[in-house]
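Here is a short, friendly tour to read with the model open beside you. We will visit a pocket, a helix and a hairpin.

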Amino acid sequence: MTKRCVFLCIVAFVCSLGFSQTILEPAILEKVQNAVFEVVVEKPSEGSLVYEKELPLYRIAFAIRNDRYHPLGTAFLVDSAHTGTNAHEFYSAAHVFNLYGDTLYGNFYLRDRDGKLYPIDKITGFSTDRDYISFTVKDFKMPATGGLQVQDSIKLNSQVFSVGNALGEGIVIRNGILTSQTYENENGEWKWLRFSAAASPGNSGGPLVDSNGMVLGIITMKSENENLNYALAFADTQKLPAGTGSMKQTFYYNLPNIFSERFYHKFSYQVPLPLPIDEVKRKLTAEFKSYTEQIVSSLKKQFSPDGKQGMTTGLGRVERQINDFLPNFPFTLYLSDTGLWQFGTPGSLAEQELEGNGSVTIGSMMGLTMGMIVKPDNVSLESLFLNPERYMEYLLAAKKITRNIGSESIGIESFGKPVETSLHQDMFQRTWQVNYYQLPFADAMVLSYALPLPSGLYVMYGLASTASILNGFTQDLAYLTDFVLAGYVGTLEQWQEFLSLPEDVCGKRPAVLQNLEIERLGDDTRIFNGTMGFTLSDSLFKVDDKTTISLSLGYRSKAEGLELENRSIGIYSDVTKGDYKYLVLSRKLAPSSEGQRETLQAWEQKRDKVAPYDGIPYDYRTFTYIDKVLYPKGVTFQNRNEATHVYVLSCELQGTGRGDEMQLFLQGVENSLLGVE
């Protein structure tokens, strides 16, 4: 016999050992098909979403497009003789049913090969870490072929078949090899079955069967980087205590602005069974939410702005409390991966013009989208605040959110009206409007927080699954509002509108603005924050509706806790009218000896009236400037080392060589000062 003949005989012999069978025999196939079901929910409506154009639904497969139900996964019926119960008991993967998270989906059903639906009734067992669930259904009649039998003996390198609702297109069967048993990663409490039969989204919860149609395990997850998928050995479902459902969740919780740490948690909870599925979901969701709230509450004590590891601690703490800020785009305070508290804005900001001189500046950071809306002239601030549908449309015009239909992405123009609206007051008594919007097609939601400012609204929002939004995101965004530092800038007209917002609509004024007065008094304009300000005559500085007024803010630790303070008041004339001028009155705090060298030097320069803080005009580019230090009451140049703060009066006139005019202007401004003590 030739070598070639010997080789061919060996190949034929190996194939005859069992690798030639690639399909189930007809009788076995019939039994499997009768015992495996789709897990479906009623397909949600479109809700209030508005798209940029008609959805090209023809790109979706006909069967899926015309199905009234949305497929989630697979379940199968097990022979009652094996489970030891008289009830018709079904098995699936627990994650298919999202047991501990809110959802926009309604009732869960099983659907058989003929399209008949069976409402899921009671949960009889589950383990979320092992990812299995067992349950009964209503009005079910056992098929003549019965339920599937179980094979407890695991034979590696044997042929297996994955059975499930692959890609939501109905039950399909695919073959492969049972390759190995692998310990679960955390504690090695059980072994996963690894197999090479293909598994697609929708296969979860389906049976892994042998060539005789006997169940080896429950398909749970797909491998991330190779075609070796996971199943839970069915025998492991029978080793757990009867009459009890177990939820065990180990996870990392990340606060959005804490880059330096991830917080590891273990959640454990048990439910006595059997119970209706709605009751199980309600109990688990409520307990898991409560646990998450406890986590955030604990972390807030640690990382809130005035917490044990907050911004008042660590390197740079002096600077964070004595400096004042007037950001063009609101800052968000974050703890960097180097352990330093820093102020940040999105790295790439895009601007979109709106009608009526409005605009949107928008970017992303910390897994959130952040947008600053300057309201159009023809829209009042109150009406904008009361119309979250409109201001989210502004943001969507500037930064698209899309829905994919086949290979096409369709922009969402509007979320419609929010399904829930409330008010949230942060630690600095600023009032935010909170809105929840639904995206039913994805079982997702958008959560937004909007802060009114003189020129418009600052909005930060997140898009995630319904379960994530109503649990983690709800706590995270409320927590994050305490770290936002926004400058208050607007025209006189905008300020008057902002300060007149009704409390029953927008809440009380924040503490930092409680004593603020901005008003016209005949030919004078009074701007006073309770401790410092001006009464400017029109002959000195003509303030009209388009004059810009700014307030910078800074942090200050007091016995009552961390507060926001108004550190400067600025007034800017309309640059389009010529002869531009501005004046700024600032309150500068003395740093402690723990401040950085540059901080101490900058303070000494002001305290000692060293140039440019010597009250002498100077030219820079195309403007004339002057900066003058004013000591508070009881402080002179001789005892200036005792000063806890000084005031700096800064003025600017358009054009150079206007030193004499600047001196007269400065004198007039000094005569108009209020407070400064």
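A pocket here is an open set of points on a 1 Å grid over the protein atoms alone, where a 1.4 Å probe fits, with protein on both sides within 12 Å along at least five of seven lines; lining residues have an atom within 4 Å of a point. This is a predicted model, in which local features need pLDDT of at least 70, side-chain atom pairs count only at pLDDT 80 or more, and totals for chains, interfaces and linings use all residues. Residues are numbered from 1 along each chain as its sequence is written, and side-chain values use heavy atoms, without hydrogens and water.

**The largest pocket**
- The volume of the largest pocket, counted as the space filled by probe spheres set on the points, is about 1,500 Å³.
- Its lining has 50 residues, and L72, H95, V96, N98 and S204 lie nearest the centre.
- Strand β3 (69–78) gives the most to this lining, with four residues.

**Helix α13**
- Helices are DSSP runs of H or I with at least four residues, and strands are runs of E with at least two.
- In α13 (residues 597–607), T599, W603, K606 and R607 are buried, meaning under 20% relative accessible area.
- These residues sit on the same side of α13 because they cover an arc of only 95 degrees around the axis.
- R597 and E598, on the other side, are exposed (over 50%).

**The β22–β23 hairpin**
- Strands β22 (402–405) and β23 (408–414) run antiparallel, joined by four bridges.
- R403 has I410 as its bridge partner in β23.
- Two residues separate the strands, and G406 in the turn has a positive phi of about 60 degrees.

Conventions:
Buried means under 20% relative accessible area, exposed over 50%, partly exposed in between (1.4 Å probe, protein chains only). Two strands pair if DSSP finds at least two bridges between them. The arc is that of the directions from the helix axis to the C-beta atoms.
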